[in-house]
Number of protein chains: 2
Amino acid sequence: MKKVKTNKRQLILDEAAKLFKERGFAGTSMRDLGAQVGMEAASMYNHINSKDEILETICFYVSNTYISHLTEIENTADSYVDKIKALIRLHIRLMVEDGAAVSVGNNDWKYLTGNKLAEFKEARKRYERGFATLIEEGIAAGEFQPVNVSVALFTILSAVRWVELWYRPGRGVSPEELEENIMTILLNGLAR
Amino acid sequence: MKKVKTNKRQLILDEAAKLFKERGFAGTSMRDLGAQVGMEAASMYNHINSKDEILETICFYVSNTYISHLTEIENTADSYVDKIKALIRLHIRLMVEDGAAVSVGNNDWKYLTGNKLAEFKEARKRYERGFATLIEEGIAAGEFQPVNVSVALFTILSAVRWVELWYRPGRGVSPEELEENIMTILLNGLAR
DNA sequence: CCTACCGATCGGTAGG
DNA sequence: CCTACCGATCGGTAGG
């Protein structure tokens, strides 16, 4: 009976996410990762099967998290404004709490290959379509301005996407303040 | 008399920007680039000095372009609303017209090393400070809502940053429509 | 979990 | 601008 899946595996995945965020997947060697984890590169192959598998695990962890939260939000009876607010809050929180993994899902998914690349793109498209539908229905319900749905979708997705690049909690702006300010700009606009 | 700088050099830089955008700097080999340009990897060294030099040239071309436009905008007598609008328009246009180089300046600058890395970060900080100052003065002048300046700055910078990732002209949304919609959301908000 | 090592590929140079 | 090649480093395996 083989027991391979220990918490060492999770440690490797966590450190990999941090290094991939800093240097990119292609810019991170298994020897770099080994040094960070505290073992030889070769030893990590007792816990993982390949460098590609690490990337896949992180990417699909992120896409699954986003999609399951989207499904929850879709099924509430809230107004469209509140649904979009909940999604914006979701993006900000995942980035504050698990910025390294989110960064990999945003930037390094392009190093996925074959089926996995296709599956990931599919998952992302499903998420974007669900998000877009909420905007579309919100416009139809008169809650939103009649903007182009795709432009609105990607403007929102992008606006919240870089929190993990520059936001450091405990330096002037609290997470609550961050959420509130971003929401104000996206929903009410910067201009008075 | 050595004449090294031909238009072949520019071809190499252009193809490099495209490949770096697609696969990242670390994920692009000089052999990949040679194949794209149409010569052997070794032959490109008659036009460029190193792979690093290619990256540096692209990154500083981008940062210099942004900074020189910012300086122009700072020196106009326009309202703060119009200045911010001009900056948003600048970002969108550079991305539509030269998306590959902008992408490298946004994502691959992290592979710069030593002095060049420090210089690039410095240039970016200078740009961000100038942009932030315009927002700050706009709030003081009563043109903008009293939001947190840093949050507003990065929300705007991020919101326009992904145009080059999903925007394809001639597919439903014209560049003018794109600019107008993004500006509406950022300045007036999505909600009615 | 380590040592020792594999074939492949990397950025770059020599020489023509 | 190409052929031929360099030392270094890559992801991964064998064997213990």
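Me: How far does a polar side-chain atom of A:Ser43 lie from a phosphate oxygen of DNA strand C?
Reply: This is a predicted model, so the distance is a computed one. A:Ser43 is among the closest residues to DNA strand C. Its polar side-chain atom and a phosphate oxygen of that strand are separated by 2.5 Å.

Me: Which residue of chain A places a backbone N or O atom 2.8 Å from a phosphate oxygen of DNA strand C?
Reply: Here the protein partner is a backbone atom, N or O. The strand's partner is a phosphate oxygen. The residue is A:Glu40.

Me: Which residue of chain B has a polar side-chain atom 2.8 Å from a phosphate oxygen of DNA strand C?
Reply: Chain B also takes part around this strand, with B:Met30 and B:Lys51 among the closest residues. The side-chain atom at 2.8 Å from the phosphate oxygen belongs to another residue of chain B. That residue is B:Tyr45.

Me: What percentage of the atoms of DNA strand C within 4 Å of the protein belong to sugar or phosphate?
Reply: Count the strand's atoms within 4 Å of the protein. Some belong to bases. The sugar or phosphate part is 56%.

Me: How many charged residues does the surface near DNA strand C have?
Reply: In total, 15 residues surround the strand. Five are nonpolar and six are polar. The charged residues number four.

Me: Which residue has a polar side-chain atom 2.8 Å from a base nitrogen of DNA strand D?
Reply: Turn to DNA strand D, where A:Met30 puts a backbone N or O atom 2.7 Å from a phosphate oxygen. B:Ser43 has a polar side-chain atom 2.6 Å from a phosphate oxygen of this strand. The contact with a base nitrogen comes from the side chain of A:Arg31.

Me: Which residues of chain A does UniProt list for "DNA-binding region"?
Reply: The label comes from an unreviewed UniProt entry. In the model, the listed stretch is 40% helix and 0% strand, with its end C-alpha atoms 15 Å apart. UniProt gives residues 29–48.

Me: Which element of chain A has the lowest mean pLDDT?
Reply: Chain A has a mean pLDDT of 94, and 97% of its residues reach 70 or more. Among its elements, helix 3 (residues 51–74) has the highest mean, 98. At the other end, with a mean of 87, is helix 7 (residues 163–166).

Methods: Residues numbered from 1 in each chain as written. Chains lettered and ligands numbered in written order. Predicted model: local features only at pLDDT ≥ 70, side-chain atom pairs only at ≥ 80, totals over all residues. Heavy atoms only, no water. Near = heavy atom within 4 Å. Polar contact = N/O pair within 3.5 Å; in protein donor to acceptor, adjacent residues only side chain to side chain. Nonpolar A, V, L, I, M, F, W, Y, C, P; charged D, E, K, R; others polar. pLDDT = per-residue confidence, 0-100. Helix = DSSP H or I, 4+ residues; strand = E, 2+ residues; numbered from the N terminus. UniProt positions renumbered as here; feature names shortened; annotations may be inferred.
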